[in-house]
Amino acid sequence: MTDSEKLFNSGVLTEEKPGAVKPPKDLWESKKQGLVVVECPQRIPCNPCNTSCPTKAIKPFADINDTPEIDYEKCTGCALCVAVCPGLACFVVDLTFSPDKALFKLPYEMLPVPAKGDTVDCLGRTGEVVAKGTVEAVVEPKKDRTNVVHVSAPKEFADKIRAIRVVK
């Protein structure tokens, strides 16, 4: 089975592909506030990430069905795209947060909403726990009940963490 067939059959992204590409490593490791990672590899009619981006880092779509392309030089890590993405496919990873931890800005639409200082499970693409994280902030940029939770976790999981689970 090809990786494209695995994605289609399971919904789990197994490799980089158009619409799901990591930022350039040198820029990612040096840019304060982080860079957006968009994992939206299938052509669907959607573009809120582009229309919400204040710096136009997410390039305009020629066709509403295009997969997102990012100009990482323009990205400020503001996470507005994280809050508006209906597919929860956008998140920001700041590799400059501390020497050993990255800051993940992740969408969160569940209850209970975590609070600053809470310990949470950091989850991989299939829902498996890959690390523990600490909630650094919870913001609601669009005031629409989509929170963006800022979680610090070990840097080595930057390619793995995609969601959180509140542990109460």
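Reader: Why are arginine 43 and aspartate 66 said to form a salt bridge?

Author: In this predicted model, the closest N and O atoms of arginine 43 and aspartate 66 are 3.0 Å apart. The cut-off is 4 Å between a side-chain nitrogen of Lys or Arg and a carboxyl oxygen of Asp or Glu, so the pair qualifies as a salt bridge.

Reader: What makes arginine 43 and aspartate 66 a pair that ties together parts of the chain?

Author: Arginine 43 sits in the loop between strand E2 (35-39) and helix H3 (48-52), while aspartate 66 sits in the loop between H3 and helix H4 (80-84), so the tied parts are 23 residues apart in sequence.

Reader: How do you know whether arginine 43 is buried or exposed?

Author: Its relative accessibility is 52%. Exposed means over 50%, so arginine 43 counts as exposed. Its partner, aspartate 66, has a relative accessible area of 22%. That value falls between 20% and 50%, so aspartate 66 is partly exposed.

Reader: Good, that is clear. What makes aspartate 121 and lysine 132 a salt bridge?

Author: The closest N and O atoms of aspartate 121 and lysine 132 are 2.4 Å apart. The pair links distant parts of the chain, with aspartate 121 in strand E5 and lysine 132 in strand E6 (residues 129-139), eleven residues apart. Since the limit is 4 Å, the value of 2.4 Å fits the rule for a salt bridge.

Reader: And why do the side chains of aspartate 121 and arginine 165 count as a salt bridge?

Author: Here the N to O distance is 3.2 Å. Aspartate 121 belongs to strand E5 and arginine 165 to strand E8 (residues 163-166), so this pair ties together parts that are 44 residues apart in sequence. A distance of 3.2 Å is within 4 Å, so this pair meets the rule too.

Reader: How do you know whether aspartate 121 is buried or exposed?

Author: Aspartate 121 has a relative accessible area of 7%. Buried means under 20%, so aspartate 121 is buried. Lysine 132, at 47% relative accessibility, is partly exposed, and arginine 165, at 39%, is partly exposed as well.

Reader: How many salt bridges are there by this rule?

Author: The count comes to eight. There is also a network of salt bridges, which links Glu39, Arg125 and Arg162.

Reader: Why does lysine 31 have no salt bridge?

Author: The nearest side chain of opposite charge is glutamate 73, 5.5 Å away. A salt bridge needs a distance within 4 Å, so glutamate 73 does not qualify as a partner for lysine 31. Lysine 31 is nevertheless buried, and is found in the loop between helix H2 (25-28) and E2.

Reader: Which backbone oxygen lies 2.6 Å from a polar atom of the lysine 31 side chain?

Author: That of cysteine 75. Leaving aside neighbours within four places in sequence, lysine 31 is in contact with Tyr72, Glu73, Lys74, Cys75, Asp94 and Thr96.

Reader: Why are Leu111, Val113 and Val138 called a patch?

Author: They form a nonpolar patch on the surface, with about 260 Å² of accessible area together. Members of a patch need over 30% relative accessible area. Leucine 111, at 76% relative accessibility, clears that cut-off and counts as exposed because the limit for exposed is over 50%.

Reader: Where is leucine 111, and which kind of peptide bond joins leucine 111 and proline 112?

Author: Leucine 111 is in the loop between strand E4 (101-108) and strand E5 (119-123). The bond is a cis peptide bond, with omega about 0°. Proline 112 is in the loop between E4 and E5.

Reader: What is notable about the phi of lysine 56?

Author: Its phi is near 60°, a positive value in a residue other than glycine. Lysine 56 is placed in the loop between H3 and H4, and with 44% relative accessibility, between 20% and 50%, lysine 56 is therefore partly exposed. Leucine 88 also has a positive phi, near 55°. Leucine 88 is found in the loop between H4 and strand E3 (90-94), and is partly exposed at 40%.

Key:
Residues numbered from 1 in each chain as written. Predicted model: local features only at pLDDT ≥ 70, side-chain atom pairs only at ≥ 80, totals over all residues. Heavy atoms only, no water. Patch = residues over 30% accessible without salt bridge, like charges linked within 9 Å, V, L, I, M, F, W, Y side chains within 5 Å. Areas by Shrake-Rupley, 256 points an atom, 1.4 Å probe, with all protein chains shown as cover. Helix = DSSP H or I, 4+ residues; strand = E, 2+ residues; numbered from the N terminus. Buried < 20%, exposed > 50% of the residue type's maximum accessible area, 1.4 Å probe, protein only. Lys, Arg positive; Asp, Glu negative; His and termini not counted. Polar contact = N/O pair within 3.5 Å; in protein donor to acceptor, adjacent residues only side chain to side chain. Contact = heavy atoms within 4.5 Å.
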